[in-house]
Amino acid sequence: MMKKSMCCCSLAALRTHKPLPFPVCISLSVVAAASPRRCLSKSLSSPSSSLNAVLSIAADDYRPPSSFHFGPSLRRGHLPEPPPLSLNHSSEDGDGGVIEKAKFCRVFDVAALRVPVEECAALESHLRGHLLNWPRVRNIARVPGDDLDLEIRRLLREGEGDGGARLDSLAARVDGRADVETAALSPVLYREKLAKEFNCSGFLKFRNLAKLSRPKKKKKKLNSKDGGDLASKNLEKNDSYVVKVIGDEKDKGDLSGLLGEDFKGRRWRGPTRLLLLDEKYAKKGVSELPEAIKAVLNGDTFHSRSSSFELVQCQLALFYDYWSMSELLEALLPEGLIVPTGFETIGHIAHLNLRDEHLPFRKLIAQIVLDKNRPKIQTVVNKMDAIQNEYRTMQLEVLVGNHSLVTTVVENGFRFQVDLGKVYWNSKLATERQRLICSFTRSDVVCDVFSGVGPIAISAARKVKCVFANDLNPNAVEYLERNIVLNKLERKVEVFNMEGRRFIAAMFTTQLRYSITQVVMNLPNDATEFLDAFRGVFRNTPRSARTLPKIHVYGFSKAQNPEYDFQERINVALCAEVVDVEMHRVRLVAPGKWMLCASFILPEDIAFGK
């Protein structure tokens with residue numbers, strides 16, 4: 001079956017630098033496109049100024065060649081045989097979905113250069129374009145069993161200033177001789193020697209100085225069931241992948257398996273590293289490698305000595321921990337289903353908004369989200385239905401992890417305790433809250449009509465003179481008072497538990513210590529319906545005794561022109577046309593649905609009841 005696509009381009013754009021990888025059929029048709037005014041003032045003798053070219057490409061069903069596949073993928077590689085014992089367990093947390101981690105292990109064949117440790121860094125920069133360069137995989141790999149024992153390294157303490165002295169002392173003890181330093185000097189002479197070597201930086205070559213000035217490191221105790229010794233555990237710092245040299249098991253008792261056939265029967269020359277080469281060089285001989293790698297193997301560069309380098313074949317195993325969340329979901333979910341890519345983080349809770357087609361797989365999705373975001377994420381929840389109750393709380397289903405919905409959120413340096421089952425919180429509005437607070441001044445007095453647990457009221461209290469915070473939900477008021485104490489702002493925030501209209505009337509009709517200058521109405525669903533409470537709030541007050549407040553009201557709009565629609569709703573609620581309204585779009589909540597913020601100074605005619 002033929003697929004056709006039409007595109008318009010200029011004649012100059014038809015010149016291609018590289019041939020297309022599939023057969024094409026190109027047909028050009030010239031269409032006159034000059035405007036009538038140009039035709040009157042200019043003849044059509046210059047076709048280059050009035051011609052467009054239409055390019056029609058007909059291509060057969062085309063699949064990219066295998067050379068297009070580059071980098072790690074769950075669709076490539078092969079499963080290990082037999083699978084590693086550490087991957088045979090399943091990932092399951094409470095009521096979460098069961099994921100067999102062994103099925104996500106992929107093995108890739110790669111070639112590598114075995115080089116000495118001291119020359120590894122220079123060669124890595126020299127061969128950068130020929131190395132593996134895969135994400136989350138280092139181009140330099142360690143060789144198990146090819147490093148110094150950790151106990152010996154701890155005794156030598158290389159690079160800490162006394163490695164030479166410790167090495168001499170260790171050699172003397174091995175030979176049966178007394179410690180040179182302690183045998184030669186008595187405590188009195190040793191103290192005088194330290195006094196002579198004292199300078200502004202302290203005692204030089206002071207025994208046990210590093211041990212005295214640094215805290216002791218806690219040694220990890222390994223149980224027998226963990227398997228492996230301490231050295232092998234430290235070598236495997238990254239559990240997401242392992243590099244294995246093919247043929248090491250056969251020659252385990254011989255140095256030739258460690259350093260190649262050239263080193264058979266010779267003395268070990270020190271630790272080595274593996275420089276992982278590009279995947280296309282796997283299972284190829286030296287004659288098929290590029291000249292840069294040949295030069296290193298032959299010792300033609302200043303980095304290398306010919307007897308110290310070896311080309312080896314390796315297997316790179318990528319485990320479950322290596323793959324990203326999107327790659328795992330793409331492999332688990334049925335083909336054609338949209339992969340969920342993001343979630344909202346509220347403290348240690350990940351909040352998902354899954355579509356209906358994702359619900360049968362919600363446990364697996366939640367388990368992968370938990371696995372790939374530990375330890376920051378400990379609980380994964382999904383919103384079951386739209387917010388419809390009076391307190392704006394969400395109906396959440398705990399999919400996996402800890403079933404407690406009480407968490408602590410840190411935002412802009414403030415700490416907020418939140419119970420998602422009883423109060424409302426939206427971390428996506430953190431930037432908008434910060435923008436609003438930056439518009440306040442130190443002389444402002446803020447009235448937060450729908451405060452919730454206090455993200456705006458508490459953040460503004462550190463900057464402004466005073467804050468009056470209110471919410472209808474008694475649970476939100478309880479957490480608001482906790483958060484005020486938690487952030488040490490008890491003297492600057494006054495809390496109320498009232499209905500929105502009653503709170504507005506109480507704030508503007510009673511005599512307060514300060515005149516309110518800023519009013520925040522952060523209830524996007526129906527905040528505009530409370531604007532009628534501002535009509536005539538200063539009716540019985542002299543004009544000179546009151547300052548007209550600036551109102552910040554939030555709302556949703558699905559109209560084609562959301563700014564105009566939101567402006568009209570404000571005018572209807574106040575029964576007057578409000579001018580000089582600062583309007584901006586906060587965020588796109590859903591396709592075609594915007595959240596907006598309108599800021600305006602309360603008109604004098606509306607405030608004084610005219």
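Which residues in helix H13 (residues 430-438) are buried? This tour of a predicted model begins with that helix and then moves to the aromatic pairs, the charges over rings, the backbone and the confidence values.

**Helix H13**

Select residues 430-438. The buried residues of this helix are Ala 430, Glu 432, Arg 433, Leu 436 and Ile 437. Viewed down the axis of H13, they fall within an arc of 160°, so they line one face of the helix. Next, turn to the face directed away from that buried side, where the exposed residues Thr 431 and Cys 438 are found. To see what covers the buried residues of H13, add the surrounding elements, which include helix H14 (455-461) and strand E15 (406-411). Strands E20 (518-521), E21 (550-557), E22 (582-590) and E23 (593-601) are also included in this cover.

**Phe 104, Tyr 320 and Lys 372**

The structure contains 10 aromatic pairs. Select Phe 104 and Tyr 320, an edge-to-face pair with 5.7 Å between the centres and 65° between the planes. Phe 104 lies in the loop between strand E5 (99-100) and strand E6 (106-116), and Tyr 320 in the loop between strand E10 (310-318) and helix H11 (325-332), so the pair ties together parts that are 216 residues apart in sequence. Both rings belong to buried residues: Phe 104 has a relative accessibility of 7%, and Tyr 320 one of 1%. Keep Tyr 320 selected and add Lys 372, whose charged end sits over the ring of Tyr 320 at 5.4 Å from its centre.

**Further aromatic groups**

Proceed to Phe 468 and Phe 496, which form a tilted pair, 6.5 Å centre to centre with 45° between the planes. Phe 468 belongs to strand E18 (residues 466-470) and Phe 496 to strand E19 (residues 493-496); the pair links distant parts of the chain, 28 residues apart. Phe 468 is buried, at a relative accessible area of 2%.

Then select Phe 508, Phe 534, Phe 538 and Phe 608 together; these residues form one aromatic cluster. For another charge over a ring, display Tyr 479 and Arg 482: Arg 482 lies over the face of Tyr 479, at 4.7 Å from the ring centre.

**Backbone details**

Select Arg 374 and Pro 375, which are joined by a cis peptide bond with omega at about 0°. Pro 375 is located in the loop between helix H12 (362-372) and strand E13 (379-383).

Where are positive phi values found in residues other than glycine? One is at Asn 133, with phi of about 55°. Asn 133 is placed in the loop between helix H2 (120-126) and strand E7 (140-142) and counts as partly exposed at 36% relative accessibility. Another is Asn 412, whose phi is near 55°. Asn 412 lies in the loop between E15 and strand E16 (414-419) and is partly exposed, at 41% relative accessibility.

**The whole chain and its confidence**

Finally, display the entire chain, which has 18 helices and 23 strands. Of its 610 residues, 39% are buried. Among contacts with a separation of 6 or more, 68% are between residues 24 or more positions apart. The chain exposes about 36,300 Å², of which carbon and sulfur atoms supply 53%.

Colour by pLDDT: the chain averages 76, and 67% of the residues score at least 70. Select residues 157-162, where pLDDT stays under 50 and the model has 7 contacts beyond four places in sequence. Residues 262-267 also stay under 50, with 9 such contacts. Where pLDDT is low, the predicted coordinates should not be read in detail.

Key
Residues are numbered from 1 along each chain as its sequence is written. This is a predicted model: local features need pLDDT of at least 70, side-chain atom pairs count only at pLDDT 80 or more; totals for chains, interfaces and linings use all residues. Side-chain values use heavy atoms; hydrogens and water are left out. Rings of Phe, Tyr and Trp (its six-membered ring) pair if their centres lie within 6.5 Å; planes under 30 degrees apart count as stacked, over 60 as edge-to-face and the rest as tilted. Helices (H or I, at least four residues) and strands (E, at least two) are DSSP runs, numbered from the N terminus. Buried means under 20% relative accessible area, exposed over 50%, partly exposed in between (1.4 Å probe, protein chains only). A charge sits over a ring if NZ of Lys or CZ of Arg is within 6 Å of the ring centre and within 35 degrees of the ring normal. The arc is that of the directions from the helix axis to the C-beta atoms. Contact means heavy atoms within 4.5 Å. pLDDT is the predictor's confidence in each residue, from 0 to 100. Accessible areas come from the Shrake-Rupley method with a 1.4 Å probe; for residues, only the protein chains shown count as cover.
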